[in-house]
Amino acid sequence: MATAQSGTGRTITTRIPARLDRLPWSRWHWSIVIGLGTVWILDGMEVTIVGNIAARLSEPGSGLPITSGEVTGIAAALYVTGACTGALFWGRLTDIYGRKKLFLITLAVYLGATALTALSFDTWWFFLFRFLTGFGIGGEYAAINSAIDELIPAKYRGRVDLLINGSYWLGAVGGALLSIVALNTSIFPADVGWRLTFALGAVLALVILLVRRHVPESPRWLLIHGRDDEAERIVGSIEERVTAEEGKELPRAADEMTIHQRTRTTFTEIARTVFARYRRRSTLGFALFIGQAFLYNAITFGFGAILTQFFDVPSGNTGYYFAVIAAGNFLGPLLLGKLFDTVGRRVMISGTYVLSGALLFGTAWLFDRGSLTAATMTACWCVVLFFASAGASSAYLTVSEIFPMETRAMSIAFFYALGTAAGGISGPLLFAELTNTGKVGDTVLAFQIGAGLMVAAGIVAAILAVNAERRSLEDIATPLSAAEPQQAAARS
């Protein structure tokens, strides 16, 4: 690594990004996936539990004076509002102070807020700590997706990112099954079982926090912020572990880059980069997040209410149905993820969005005709969400890799917050109102809105998606600190 002095900080020439990208898959990479990716399991558990306990919380003896509509509407909207606010707040700090500090702090915030939710004694307390739980989770989206993309080799980045974001649905399966046990009044009293579900989430978060302490800071972030000696030590240590595992020397990393180190990037520079230099990519990110946020935050929050309202499924049994569609959601990124690295981003992103939207239109038509039962409705949702889940996960992948290193966490936070605010705050409020009317036509309308937005986002992706598969992050978007523009970095 060569260094030189510059007027605004040192100028260094390094191969560290190329060294990280040329690594073969190893046990060390699995440790990153486990240490960072498992938090989405907690998020999935949170959202699913709240959706499935809504009917029970509204019953006499639950310990809270709250209605089902307030749980799936106001509480859900507050959770998402907290997530949006947290994403922006923590996202800025992640770019300034590093990935590791923030993914430890945000998980601690989540842990505390979830534990305090379990102690809810009044509606206002429940609402407050649903907001704060979301506040912690929102920061996780920015810090974790930044760290994952900067540590995982380019060859595997797409499938790993999709799998990690898709692991949300493993949490959903766990949350659905857990709610079945927790809501069984022959096992737990009505005012105790639902509290235990939140307490368990706090315990799991504590375990993940202990594991996460061993995940290193992003060497790419360290390089830009003047800590290249630390970056060199981290990468050297990783290479030693991988070499020992492989039993042979690693190939030499040929590509190098020269950067001017800096301490932070101003809001003006971020805004100019995202909205002027990469305005087409910004349009793409916004469209993808709007489509997936409305479908997931609006409709899945109320899935349990649909089963009880239209199919007379007992509130204690909705978890079985949700576990089935959650499994379908996880299988999407698991089975389709590799295609995002081989077939390519543009085809797979647009295809999964358009296909899931079209299938949702079909589900709405069948529901409107009265052709569905609880079982067949669940089957339709499995198929829709198999494709939608892969598409939704690719939204996070897209905004985390198509903007420069210095703006990465803030870009993820911005598009997550903007898209989720539009589809995730208004969605639950609107959908709770529509399903509470008990009219089939109102629920069909909600399905059609979600489907239309997914199809529209797919069309945008077909036109604007970036061919980022198997390319280094520095090749996809030249760092703002780069001394010389990367020849292959497209501005689109």
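1. What volume does the largest cavity have? In this predicted model, the largest cavity encloses about 340 Å³. A search of the whole structure returns six cavities of 30 Å³ or more. Rolling a probe the size of a water molecule over the atoms shows where empty space is left.

2. The lining of the largest cavity consists of 22 residues, and Tyr141, Tyr168, Gln292, Tyr296 and Tyr396 are those nearest its centre. Several helices contribute at least two residues each to this lining: H3 (39–57), H4 (68–97), H6, H8 (168–182), H13 (279–299), H17 (374–401) and H18 (408–436). By class, the lining of the largest cavity comprises 14 nonpolar residues, seven polar residues and one charged residue.

3. The second largest cavity has a volume of about 60 Å³. Its lining is formed by Pro17, Arg220, Leu223, Ile224, Met257, Ile259, Met405, Glu474 and Pro479. Helix H10 (219–224) and strand E3 (257–260) are the elements that give two or more residues to the lining of the second largest cavity, and H10 provides the largest share, three residues. Seven of the lining residues of the second largest cavity are nonpolar, none is polar and two are charged.

4. The largest pocket should be considered separately. It holds about 320 Å³ of space. Among the 21 residues lining the largest pocket, Pro17, Ala18, Asp21, Asp255 and Ser472 are the closest to its centre. Two elements, helix H1 (16–21) and helix H20 (473–476), each give two or more residues to this lining; the largest share, three residues, comes from H1. The lining of the largest pocket has 10 charged, eight nonpolar and three polar residues. Pro17 thus appears in the lining of the largest pocket and also in that of the second largest cavity.

5. Where is Glu469 found? Glu469 lies in the loop between helix H19 (440–464) and H20. Glu469 counts as buried because its relative accessibility is 19%, and the cut-off for buried is under 20%. Glu469 and Asp341 are separated by 128 residues in sequence, yet their C-alpha atoms are 5.0 Å apart in space.

6. Helix H9 covers residues 193–212, 20 residues in total, and spans 29 Å from its first C-alpha to its last, close to the 28 Å expected at 1.5 Å a residue. The buried residues of H9 include Trp194, Phe198, Ile208 and Leu209, together with the arginines Arg195 and Arg212.

7. The model contains 26 aromatic pairs. One of them is the stacked pair of Phe131 and Phe135, whose ring centres are 6.4 Å apart and whose planes differ by 20 degrees. Both residues belong to helix H6 (residues 123–151), where they are four residues apart, about one turn of the helix. An α-helix has 3.6 residues a turn, so residues three or four places apart point the same way.

8. Are Phe131 and Phe135 buried or partly exposed? Phe131 is partly exposed because its relative accessible area is 23%, whereas Phe135 is buried at 17%. The cut-off of 20% relative accessible area divides the two classes.

9. Two further aromatic features deserve attention. Phe275, Tyr278, Phe403, Phe414 and Phe415 make up one aromatic cluster. Elsewhere, Arg92 places its charged end over the ring of Phe267, at 4.4 Å from the ring centre.

Note on methods
Residues are numbered from 1 along each chain as its sequence is written. This is a predicted model: local features need pLDDT of at least 70, side-chain atom pairs count only at pLDDT 80 or more; totals for chains, interfaces and linings use all residues. Side-chain values use heavy atoms; hydrogens and water are left out. On a 1 Å grid over the protein atoms alone, a cavity is a set of points where a 1.4 Å probe fits but cannot get out, and a pocket is an open set with protein on both sides within 12 Å along at least five of seven lines; lining residues have an atom within 4 Å of a point. Grid points are joined across faces, edges and corners, and a volume is the space filled by probe spheres set on the points. Ala, Val, Leu, Ile, Met, Phe, Trp, Tyr, Cys and Pro count as nonpolar, Asp, Glu, Lys and Arg as charged, and the others, Gly among them, as polar. The expected span of a helix is 1.5 Å times one less than its number of residues. Buried means under 20% relative accessible area, exposed over 50%, partly exposed in between (1.4 Å probe, protein chains only). Rings of Phe, Tyr and Trp (its six-membered ring) pair if their centres lie within 6.5 Å; planes under 30 degrees apart count as stacked, over 60 as edge-to-face and the rest as tilted. A charge sits over a ring if NZ of Lys or CZ of Arg is within 6 Å of the ring centre and within 35 degrees of the ring normal.
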